[in-house]
Every structure is written in structure tokens, then in C-alpha cells.
Amino acid sequence: MLVKHFGAALAALVLSGSGAGLASALAQAAPARADVSAFVGYETFRSATLSPDGKFVAGILRDKDGDMLILHDRTTRVTRPIQRARADQNLELTFVQFKGDDRLIFGLQQKFQIVQGKGSRTSKTADPADLGFSYTSRIFTSDLSGGDLKTLYDPESEQGFPRWVTASIEEILPEDPENVLLLTPSTGGTQLRRVNVRTGKSTILETGSSDTIGYVLDSQQKPVLREDAVAGGKGTAWMRRDSKGKWIEIVRFRGEERANGAPDFQGLGRGPRPGTAIVSARPNGRDTNGLYVYDAVNGTYAEPIFEHEMFDVFNVMRDPSNGQVVGACYEGFQWTCVPSDPVVASHWAAIEDAIGKEANVQLAGGGSLKGSILLMLDGPKEPGAYYIYDTNGRALERFQSTRRDVDPALLPSKMVFDYVAADGTDMWGYLWLPPGAAPETRNMPMIVLPHGGPEARDGWGGDPMAGYWSSQGYAVFQPHFRGGSGTGRKWVEAGHGQWGQLIQEDINDGTRALIEAGYADGNRICVAGWSHGGYVAFTASYRDTELYKCSLAGAGVSDLRAMQAWVRKEQGGTQSISYKYWAGAIGDPNADAAKLNRYSANQNADKVGMPLLIVHGELDVTVPVEQSEMMAASLKKAGKPYEFIELKGMDHYLRRDQGDDWTIVLNKGREFFEKHIGPGWTP
């Protein structure tokens, strides 16, 4: 249950704008190394939002009892608790946002474990037979005191649905203080509703099919794009509405095409005119994704908003008070925002100049570009912090850290490292430097940490594995290898069919380049990774024994053909779009059987030539734990030393509610590296 909570001690809590941070009873002398709690688990403060008039900040505070919705008065500097979600009931607050200056809207979710054969609370895209987790959510609204509490959708009372059926916010409508748009289920198809946040009354604007998962609106709040799940949730399709109101399919994605890489087409939000939407796409044979105004009526790209020749662009910069487009943002070497409005550009330049080059900066939530705006910062030396910028006084104020304050001297720094692959291709990656190290520092122990996906990428901001292990004295290298996303579709497709081959060589070429440049001690390098990165680590344990001294494989694929057999069984057979995608991206399990066996660690356990630490979550339904179990069995049969840690109750992903599990992963990794390549570097 969601309950009000006004404890005496909490009522006196004050959030300071001076940067002092939340009061901590644990203040003590700084340790020699940063604590793991700075990198994983629940943030102390999250989901902050600023009222349109700039007078109040709302956010979610985490303590030992769970989540608390708080409201901070910037004039009196007093913070009051509004609502409580108790951790012992598996409840968690998901977001909070202002609706006008006098009302809040917030989400509450409850976590359930899906138990095979005992009935499941699942969405239409989940397999009830899968072991894992499901989340039921509700959306509430209240006044600023926490009173006049209303739920915006109750499936049981409104439609007779089970209470675990979930609705979601489709658009917050920042310019409309009275209403939000909700996506709700119904027996006739998914509904788009306009819901009044003061009365809870709703109007149905649109009814899609039972597979509809989202809409994009135009400037008049009319749905012009629609996204549907296809093939039982294993793929998606985008549709547009023509002049006669008919829905016409634009593009269809299979398997992981939408989830991991840069899709051909993706609706992002309302357009500037009736019948238009903002999309990220690659029209006219472009390699990288750009932002465009899309004419849904005619199915044409009306005009570009922003394009970049090297990096994909997926983010629109909008005025938080009215939703108007004022620029574009993209993940380059760092997070970069390019305002299109000259006034916003002037303010943004002043903000970036004040903050410096070490941290990413982006708009957080709420406020107004004609008053005060809330900013979110993160970077290698900044786990996360909120700032408030006054556009009238051009003043920047640190409001609150997202985690307990950490001495920046205990955190690593970061640089972009350029190198050339063996075939002459220009490459780059992120090199994390231990605390106290400089770009001139040489001969450090190093962890090579390839990302998952592989159609994903690393960014400039925080990364728990890289950040923690580097804070312990290890240089950490994150290569942007071929097959990764974010830099155009050709780069993604260059990695198809190259698991354990070109992808592995790109990673190894970067490692060799760092040895040659003197950054890394060639006798003290380990490889580690999660998911696809775990596959790389598994493969390196027998393939790259001359380069690495140890390997940590987390949630990794050890046997490519066995993995594809699992996908075939669990996701609809050989004709399923997921199976077809992975057969193309990895290789055909029949025609390419010899190659796939050659680059599968489970088929080469007798060749493993380094200490191997295997870590996997028991409830992983992305890469099943059997992938690690079979590797452990093969290593035992081959008489090879290894350690296998199976984490009970953990799934595949890095989530705040699995902080205890990730603490084990990070600490066990540190101990493993210390044992096999020695302690971390110290100044």
C-alpha cells in the first residue's frame, strides 16, 4: 500500500543548495579507495523535477525503509516527505513530475517474481514460462501536501481486469496543467486516454489493436504514428496515419534490430505542425541516424532537425514548460547538446563553460527556459548530481548529489584513446585512469572491458564496472569495436558473423596499442565483460592466452550453437524473427557449425589457458545460466581451474534493486584481479 509518512526527523530534513548534500550519519574519514556503494544499488536521491515557477523541487529519497517522495521549498529551504513506498512490500517509486505549479504526478510499482508453472503476472511481450521478474505499476496524482490523492487508472474498478494489469504515461503534456495521456489496455485494443489529473476522469482518444504499444502525437495532440508488437512480442512495426485516418505500415523490425542497434525509423515525439512527428531515422541511404520532421500523412521527411556524420542522433532537446523543440542531443565521445534556439544556445554555452569538460550535462525535468531549469550531471568523477540554472540571473547552483558524496580524489578520470586496427581501420575507445593518474602515467595494470550487445556502446558517463575497478587502481579500457552501435549502421553490420573473429581482433588490437603506448603493463592485463562482453571474456580464455592473464566472464555466451538452440526453442522456432536475426548476426548454426564451434569456449575448454571466474544470475532469461553451467562442467571435465558464482534471484541486467548482487560481482572481480595481476596502481 502507498501511505503518507510524516516522521518527525524527516520533517526537519533540509536539502541544501550549497552542495553539502543529504545529511549522513556515516560521515567519517575518507577511505583509501572508493566504496562500491558509490557505483551500484539505489541512489540516495533520484528522479528530481522542478516546478514550472521554479519554487519547488520534488524527488525520490531512498533510505533503509524504501522510497520516499519529498518536496523541497527553495524559498524556505525546508524539505517535507509526501508519500512512502515500503521496500519490505517490494514497492518502489518510479518517477515524479509536476503538473502545473500545484500538483504532482508520480508512479508506484511492485515487483513480482515469475515462477514457472505457478501462474504469472506478465505483459503481452513476456513469456509466462520464463523465470524472472515482472513489475506492476500505478500512476497517482496529489497536491503538494500529498493530499487529494487519486489513481489515474484502476483496471479492476474501471474494466474488471486483474489488478496487476498496468497502464503507462504516453505523454506528460507539459503545456497542459490539467491532463496527461495514458496508454491503457482494454478488451477491444490498447486505448489512448486523456486523463484529468485533478478529477481522475478520462476520455478515450484512440483505440488501437491488442498489440499496440505506443503512439506519437502531432502538435494538436492527435495520434499520427503508432507502434505495434508483432510476432508475439518478438518484433515491432511502426505505422503512420494517412489523410483518411487509415494506419499504414512504415517499417517492421525483427528480433533485436530495434533493441540493440540504430533502427531505420523510430518515433520520438510530437512534431511542430498538424500531421507531423519528430523521428530518428536514416533516410536517403544515410549511414547514421538523424532527427527529422516526418509528415505522417504523406509518409515523407519534411525537413531535417539535426544530422551528424559520425554519431547516431536519437534525442530531442525540448523546452520543459511547453514541449517545443529547441535543439538536439546525441552521444558523441561525450553527451552533446546542440541548441537550435539562439537564446537557449547562449545559456547552454554558459552552463557548459561553468561545469567544464569532465561531466555530461543534460536537461533533467520540469522548470522553464524562461525561468529556472533543472540539469543532470554525470561523468567519471561525478556519479550524478542535480544543478539548477536561473536563466534570468544566469546563475548555476548545485542542488543535490544522487549518491552520498564521494571525494572526487577517489574517483577515476577518463580519456578517449585512438588506435588503428590491424586492417588499417581507425578505432577508438575509452581509457579510464585510476585516481591520481594522468595521461602521462604509464605501466599500469589494466582490465579490458568490452561492452554487451554487441549492438550497444559505452558512453562518457558513469559505468559501475569500469568506474569501480578503475577506482581500485586499474586502468580500464572500453573499446568501440566493430559490431557496436552509435556510429552508423555500417559499423554495426561490420560485426555481423564476426563473434570471436573481427570483433575479438578489434578489442585485442586496442589492448596491444595500449601496451605499445606504455599505458598498460603487458604482464598485468585481464579481460572482463558482461553479456556479449562475457562471451568475449570466455573466448579470450582459450583464444588470447598470450595477451591476458585472467578472465572474468559475466552472464556470457559460452556456446554459440547451444545459445541459438535455446533461442529457437524459447522464441518460436526457426521461422521466428528473433532466431532469423541471430542466425544472420552470429552465423547459421547448421551451415556455419564448424566456425561457431571454433569460436565457442564450451567447445574449447581443454584449451583454456588462464584463470577464469564465471558469474551468472540464476534468473537470467536473456542469456540463460545454462551457458555458464555447461562451461563450468566442461572445464571440470578438462581439469582446468575455474570459479563459478551463481547469484540466486538475479537476472541479466544492472538494476538498482539488485545492488547486493552487483556488489558481489564488483568485489569478487577486484579480488580476482588482485590475485592474478597484483594490486591496483597507486600514485
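## Helix 4 against helix 12

A crossing of two helices is called right-handed if the near helix is turned clockwise from the far one by less than a right angle, and left-handed if anticlockwise. Helix 4 passes helix 12 in just that right-handed way. Helices here are DSSP runs of H or I with at least four residues, strands are E runs of at least two, and both are numbered from the N terminus. Keep in mind that this is a predicted model: local features need pLDDT of at least 70, side-chain atom pairs count only at pLDDT 80 or more, and totals for chains, interfaces and linings use all residues. Residues are numbered from 1 along each chain as its sequence is written, and side-chain values use heavy atoms, with hydrogens and water left out.

The axes of helix 4 (residues 464-471) and helix 12 (residues 659-677) come within 10 Å and cross at roughly 45°. Those axes are lines fitted to C-alpha atoms over the stretch in contact, with angles running from 0 to 180 degrees between N-to-C directions. That angle makes helix 4 oblique to helix 12; under 35 degrees would be roughly parallel, over 145 roughly antiparallel and 65 to 115 roughly perpendicular, with oblique for the rest. Who does the touching (heavy atoms within 4.5 Å)? From helix 4 it's Pro464, Met465, Tyr468 and Trp469, and from helix 12 it's Trp662, Val665, Leu666, Asn667, Gly669, Arg670 and Phe673.

## How covered is helix 4?

Pretty thoroughly: eight of the eight residues in helix 4 are buried. Buried means under 20% relative accessible area, exposed means over 50%, and partly exposed is in between, using a 1.4 Å probe and protein chains only. The buried residues of helix 4 pack against helix 12 and also against strand 29, strand 30, strand 31 (475-479), strand 32 and strand 33 (550-554).

## Two nonpolar cores

A nonpolar core is a set of buried Ala, Val, Leu, Ile, Met, Phe, Trp, Tyr and Cys residues joined through side-chain atoms within 4.5 Å. The largest one has 55 residues, and Leu431, Met446, Tyr548 and Met631 touch the most other members. Helix 7 (residues 532-543) supplies the largest share, six residues. Looking past its neighbours within four places in sequence, Met631 is in contact with Phe538, Ser558, Ala601, Asn602, Ala605, Val608, Leu612 and Ile614.

A second, separate core has 42 residues, including Met465 and Trp469 as well as Ala34 and Trp460.

## Backbone oddities

Most residues other than glycine have a negative phi, and most peptide bonds are trans. Asn443 goes the other way, with a positive phi of about 60°. Asn443 sits in the loop between strand 29 (426-433) and strand 30, and is partly exposed at 46% relative accessible area. Ser531 also has a positive phi, about 65°, but counts as buried at 14%. Its loop runs between strand 32 (520-530) and helix 7.

The peptide bond from Gly453 to Pro454 is cis, with omega near 0°. Pro454 is in the loop between strand 30 (444-448) and helix 4.

## Val361 and its company

Val361 belongs to strand 24 (residues 360-367) and is buried, at 5% relative accessible area. Not counting residues up to four places away in sequence, Val361 touches Trp335, Cys337, Trp348, Ile351, Glu352, Ile355, Leu375, Met376 and Leu377. Val361 and Gly461 are 100 residues apart in sequence, yet their C-alpha atoms are 9.8 Å apart in space.

How values were computed: Contact = heavy atoms within 4.5 Å.
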